[in-house]
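Colleague: I should like to go through the terms applied to this model and the values behind them. Please set each value against its definition.

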Amino acid sequence: MLNTQELQQSDSTHYLHPFTDAKSLKKKGARVITRAEGIYLWDSDGNRLLDGMAGLWCVNVGYGRKVLAQTAMRQLEELPYYNTFFQTTHPPAVALSEKLAELSPPGFNRVFLVNSGSEANDTVLRMIRRYWALMDQPQRRVVISRINAYHGSTVASASMGGQSFIHKIDGLPIPEIEHIEEPYWYANGGDLTPEEYGLKTARALEEKILELGENRVAAFIGEPIQGAGGVIVPPENYWPEIQRICKKYRILLVADEVICGFGRLGEWFGSTYYHLDPDLMPIAKGLSSGYLPIGGVLVHDRVGDVLQEKGGEFSHGFTYSGHPASCSVALENLKIVEDEKLVEKVKHETGPHLKERWQEFNSHPLVAEVRNAGLLGAIELSPDKSSRAPFPEPGKTGYLCRDICFKNGLVMRSVKDTMIISPPLIISKEQIDEMFELAWKCLDQTSEAL
Ligand SMILES: *Cc1c(COP(=O)(O)O)cnc(C)c1O
């Protein structure tokens, strides 16, 4: 095998990375990960890292699951590929769809399968508009989302997302997508209490609906907890108010479950965690724990019945929609989640333990706020704890801390100056302690380096 330097050299010459500054990568060389087991990664120099991010929020059952590899192999031998276009199907797509209907909240009996979260949200946009066309209200086309939301990286999903640095590269968003304020009390709440701010940001939806004209609005989309935006846990009263407004104006509610789905919050879905009644739920990531690419849109009967009974072709799909190997692996992955009671474990055991440990960061001089829900965690770094003041150069301290974490064998991601974690759902209480101690040491080293 090539050594680290040779790999880095070839990598920066030939591989253009996603979400990466190619110029600075060329200077530094990429970090090369070569193998993984459980919650740990190893790099090409043999260093072990505790993966506090479960890959990219996805490897929920942990690395090294032989049964998932064997499942893929068996399926690839039997039927490696066939499509599900034009009135065709195959057993793995049928089995996974039925299983998803069983695991989803009542009323979710159908799924449209795709290969990623971005494709799921592209599908959401088309499905919403097709639904309203079939309901004889084709003028309902506008989707309302939130600033700093993340819904993927295709043109449609990035448009629904609300990150300005993504929009900037190509003049996004596309027309008929609107953004309202996110419920990010720490950064934007000012002197309001979290409750006042929760109500204010939810009411922004109603204001936007009235501004646009009620009969033009098709849907509201939101992640139950914003992930890539910085693990933003909304004030308690936010979602009930959003739900009320969606019902009042009869607009569809889309809960983007790509991160929250399949146990991350100690419930099967983020919608269950917040007692939401959504119409569509895009899923991906934890669906296959990242072993193979797969995503989908879970469709409530309120929408699914209309799509099916009104008839006509839904002219949309992907060559690999419902890929047999991905479906088989997803099904087996869900079986692991059930058999090992990972959702219950997060709810009753590891979620509460993580929260207890993470709250200890409140006493660290660099930390102004700590947030937790299930196996998600965020630490807000600030030069002044009491005022929640930002650093003069936002993002710099976060990067510094992230690099210090890597050096110390911990993958903890930074979003501006927020340090975030989303470890595999198999993490044990002892491993949470290990992660906490590593993180504490890294925060200390960050303080010293400032
Ligand atoms: C990751 C993510 C997506 C996009 O999923 P991809 O598989 O990367 O296309 C969409 N929504 C949310 C909430 C995500 O976290």
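Colleague: What makes the contact of the side chains of Glu267 and Lys347 a salt bridge?

Modeller: A salt bridge requires a side-chain nitrogen of Lys or Arg within 4 Å of a carboxyl oxygen of Asp or Glu. The side chains of Glu267 and Lys347 meet at 2.8 Å, N to O, so the pair qualifies. This is a predicted model, in which local features need pLDDT of at least 70 and side-chain atom pairs count only at pLDDT 80 or more, while totals for chains, interfaces and linings use all residues. Residues are numbered from 1 along each chain as its sequence is written, and side-chain values use heavy atoms, with hydrogens and water left out.

Colleague: Why is there no bond between the sulfur of Cys401 and that of Cys405?

Modeller: A disulfide is a pair of cysteine sulfur atoms within 2.5 Å. The closest cysteine sulfur to that of Cys401 is in Cys405, 4.2 Å away, which is too far for a bond. A search of the whole structure finds zero disulfides. Cys246 is likewise in none, the nearest cysteine sulfur, that of Cys260, being 17 Å away.

Colleague: Why does Cys401 count as buried, and what is Pro240 called?

Modeller: Buried means under 20% relative accessible area, exposed over 50%, and partly exposed in between, with a 1.4 Å probe and protein chains only. Cys401, at 0%, therefore counts as buried, and so does Cys246 at 2%. Pro240 has 48% and is therefore partly exposed.

Colleague: How do you know that the largest nonpolar core lies between domain 1 and domain 2?

Modeller: A nonpolar core is a set of buried Ala, Val, Leu, Ile, Met, Phe, Trp, Tyr and Cys residues joined through side-chain atoms within 4.5 Å. The largest has 59 residues, and Trp358 and Met412 are among those that touch the most other members. Both domain 1 (31-61 + 341-449) and domain 2 (67-339), whose bounds come from an automatic or database domain assignment, give residues to this core, so it lies between them. Apart from it lies another core, of 40 residues, including Val231 and Cys246.

Colleague: What area is buried between domain 1 and domain 2?

Modeller: Buried area is the accessible area (1.4 Å probe) that two parts lose on being put together, summed over both. Between domain 1 and domain 2 the value is about 2700 Å², of which carbon and sulfur atoms give 59%. Trp57, Val343 and Arg388 supply 26% of the area that domain 1 buries against domain 2, more than any other three residues.
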